[in-house]
Amino acid sequence: MKIKCVLIDDEPLAIKVLQNYFTNFTDFEVIATFNNSLEALDFINSTPVDAVFLDINMPMMTGFELISLIENKTKVIITTAFREFAAESYDLDVLDYLVKPIPLPRFIKCINKITTEYNLKNNIKVETSKGDSHIFIKVDKKMMKINIEEILFVEGMKEYIKVVTPDKTYITHKSLTSLSEELPADRFLRIHKSYVIALNKVKSIEGNRVQIQSYNIPIGRNYSKEVKNKILE
């Protein structure tokens, strides 16, 4: 089941930017867009909606006024060019506050928040020990969602990295250090300047190599002591 979203903004370009972002996330569906607050309010109060992306400065009725008239518990995300309304918006229990122009990484964090709230509301259990259950990486101009539990290891290749899972390998333009910071530190370990592995996927360790499924991965000299302590503890 897709997470249903509505976009409300009197600037067509702002709506277009969000629509383009949403094409990268297959779990989400933009079911309507509005540049009129009254029409949007009528739709939201009569149609099941999971999340509303709402501009503050709207004609006829401000975004804050619209929020006060929403009858259900739809989650609201403010999108605005003004930072100064953030405190007031959180008093209205908005889920997130996005400042235009909205960078894609910041949008992804918002998407993760919405997903978490949606799962809680619908009693959807996500298997994860700490933090998020997935990460997003850009592959061929598309943001791909990868479940953290499926990752076997990540290999750095100069300006690119390779994320290896049992079924597929993903290559993206990103540094190994940057991606490793997105992974749970208690479940992943850097064992070489070019490798980060999933600790629970290690099958064996022999000499200066670890085996994960059919892959034999080298252990860097500077990482050897920490790796063996961590894996053999």
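Two strands are said to pair if DSSP finds at least two bridges between them, and with that in mind the tour of this predicted model can open at a hairpin.

**The hairpin of S6 and S7**

Select strand S6, residues 134–139, together with strand S7, residues 142–147. The two strands pair in the antiparallel sense, and six bridges join them. To follow one of these bridges, pick His134 and look across to S7, where Asn147 is its partner. Then move to the turn of the hairpin, where two residues stand between the strands and where Asp140 takes a positive phi near 50°.

**Phe136 and its partner**

Stay on S6 and select Phe136, then add Phe25, which lies in the loop between helix H1 and strand S2 (28–34). Their rings form an edge-to-face aromatic pair, with 4.8 Å from centre to centre and 80° between the planes. Because one ring sits in that loop and the other in S6, the pair ties together parts of the chain that are 111 residues apart in sequence. Are these two residues buried or exposed? Both Phe25 and Phe136 are buried.

**The aromatic cluster**

Now widen the selection to Tyr21, Phe22, Phe25, Phe28, Phe53, Phe107 and Phe136, which form one aromatic cluster. The structure holds 12 aromatic pairs, and one of them joins Phe22 to Phe107 in an edge-to-face arrangement, 5.2 Å centre to centre with 85° between the planes. Phe22 belongs to helix H1 and Phe107 to helix H5, so this pair links parts that are 85 residues apart in sequence. Phe22 has a relative accessible area of 6% and is therefore buried, while Phe107, at 0%, is buried as well.

With Phe22 still selected, show what surrounds it: leaving aside residues up to four places away in sequence, Phe22 touches Cys5, Leu7, Phe28, Val30, Phe53, Phe107 and Ile111.

**The nonpolar cores**

In soluble globular proteins, nonpolar side chains tend to be buried together. Here the largest nonpolar core has 24 residues, and those with the most contacts inside it are Phe22, Phe25, Phe28, Phe53, Ile77, Phe107 and Ile114. Colour strand S1 (3–8), helix H1 (12–22), strand S3 (51–55) and helix H5, each of which supplies at least two residues of this core. Which of these elements gives the most? It is H5, with seven residues. A second core, separate from this one, has 22 residues, among them Ile8, Phe64, Val94 and Val99.

**Along helix H5**

Next, isolate helix H5, which covers residues 104–121. At 1.5 Å a residue its 18 residues should span 26 Å, and the C-alpha atoms at its ends are indeed 26 Å apart, so the expected and the modelled lengths agree. The buried residues of H5 include Leu104, Phe107, Ile108, Cys110, Ile111, Ile114 and Tyr118, and also the polar Asn112, Thr115 and Asn119. Pro105 also lies in this helix, but its relative accessibility of 56% means that it counts as exposed. From Pro105, a line drawn to Cys5 runs 19 Å between C-alpha atoms, across a separation of 100 residues in sequence.

**The annotated region**

Finally, select residues 4–115, where an unreviewed UniProt entry places the feature "domain: Response regulatory". Over these residues the chain is 39% helix and 24% strand, and the C-alpha atoms at the two ends of the region are 11 Å apart.

Terms used
Residues are numbered from 1 along each chain as its sequence is written. This is a predicted model: local features need pLDDT of at least 70, side-chain atom pairs count only at pLDDT 80 or more; totals for chains, interfaces and linings use all residues. Side-chain values use heavy atoms; hydrogens and water are left out. Helices (H or I, at least four residues) and strands (E, at least two) are DSSP runs, numbered from the N terminus. The expected span of a helix is 1.5 Å times one less than its number of residues. Buried means under 20% relative accessible area, exposed over 50%, partly exposed in between (1.4 Å probe, protein chains only). A nonpolar core is a set of buried Ala, Val, Leu, Ile, Met, Phe, Trp, Tyr and Cys residues joined through side-chain atoms within 4.5 Å. Contact means heavy atoms within 4.5 Å. UniProt positions are given in the numbering used here, feature names are shortened, and annotations may be inferred rather than shown by experiment. Rings of Phe, Tyr and Trp (its six-membered ring) pair if their centres lie within 6.5 Å; planes under 30 degrees apart count as stacked, over 60 as edge-to-face and the rest as tilted.
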